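Biologist: Please give me a close look at one part of this model: the charged side chains that pair up, and what is packed around them. I work at the bench, so plain words and clear cut-offs would help.

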Amino acid sequence: MSAEQLRVGDAERDEVTTALHEHFAQGRLTREELDERLTAALSARTVGDLRAITRDLPGPLAATDGGPRGRGPWEMG
């Protein structure tokens, strides 16, 4: 089984939705794009699903305390 096929849970979906909101706040996504990606993130079943949602976005994002944020399995590179 490849990493792309690994199942994700609520914690991973929540991390991606948080990251998407941060990207929206930084002007990288329109409201429509955010809504589409949030819907996809909340229904994601695998690491590959989450990677597809975030593939064109830079990462990792800085944490709110200014420190580096860890990388989830869906964040490549």
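Modeller: D10 is exposed, because its relative accessibility is 55% (buried means under 20% relative accessible area, exposed over 50%, and partly exposed in between, using a 1.4 Å probe and protein chains only). Its partner is R13, and the closest N and O atoms of this salt bridge are 2.9 Å apart; the term requires a side-chain nitrogen of Lys or Arg within 4 Å of a carboxyl oxygen of Asp or Glu. R13 itself counts as buried, at 14% relative accessibility. The two residues are three apart in helix α1, so about one helical turn separates them. Helices here are DSSP runs (H or I, at least four residues; strands would be E, at least two), numbered from the N terminus.

Before going on, two notes on how to read this. The model is predicted, so local features need pLDDT of at least 70 and side-chain atom pairs count only at pLDDT 80 or more, while totals for chains, interfaces and linings use all residues. Residues are numbered from 1 along each chain as its sequence is written, and side-chain values use heavy atoms, with hydrogens and water left out.

By the same rule, the count comes to four salt bridges. As background, side chains of opposite charge can pair when their charged atoms come close. One of the four joins R51 to E4, at 2.5 Å from N to O. This pair links distant parts of the chain, since R51 is in helix α3 and E4 in the segment before α1, 47 residues apart. R51 is buried, with a relative accessible area of 14%, whereas E4, at 30%, is partly exposed.

Another pairs R37 with D56, where the closest N and O atoms are 2.9 Å apart. Here too distant parts of the chain are linked: R37 is in helix α2, D56 in the segment after α3, and their positions lie 19 residues apart in the count. R37 counts as buried at 15% relative accessibility, while D56 is exposed at 53%.

Now to the surroundings of R51. Its helix, α3, is mostly covered, with six of its eight residues buried: V47, G48, L50, R51, I53 and T54. These buried residues pack against α1 and α2. The axes of α1 and α3 come within 11 Å and cross at roughly 0 degrees (axes are lines fitted to C-alpha atoms, for helices over the stretch in contact, with angles from 0 to 180 degrees between N-to-C directions). So α1 runs roughly parallel to α3, a label for angles under 35 degrees. E12, V16 and L20 of α1 meet L50, I53 and T54 of α3, where contact means heavy atoms within 4.5 Å.

V16 is a good residue to centre your view on. This α1 residue is buried at 0% relative accessibility, and its C-alpha is 7.4 Å from that of L50, although the two are 34 residues apart in sequence. V16 and L50 both belong to the largest nonpolar core, which has 12 residues (a set of buried Ala, Val, Leu, Ile, Met, Phe, Trp, Tyr and Cys residues joined through side-chain atoms within 4.5 Å). Helices α1 (10-25), α2 (31-42) and α3 (47-54) each give two or more residues to this core. A41, also a core member, brings us back to the charged pairs: leaving aside residues up to four places away in sequence, A41 touches R13, V16, T17, L20, L50 and I53.

Key:
Parallel < 35°, antiparallel > 145°, perpendicular 65-115°, else oblique.
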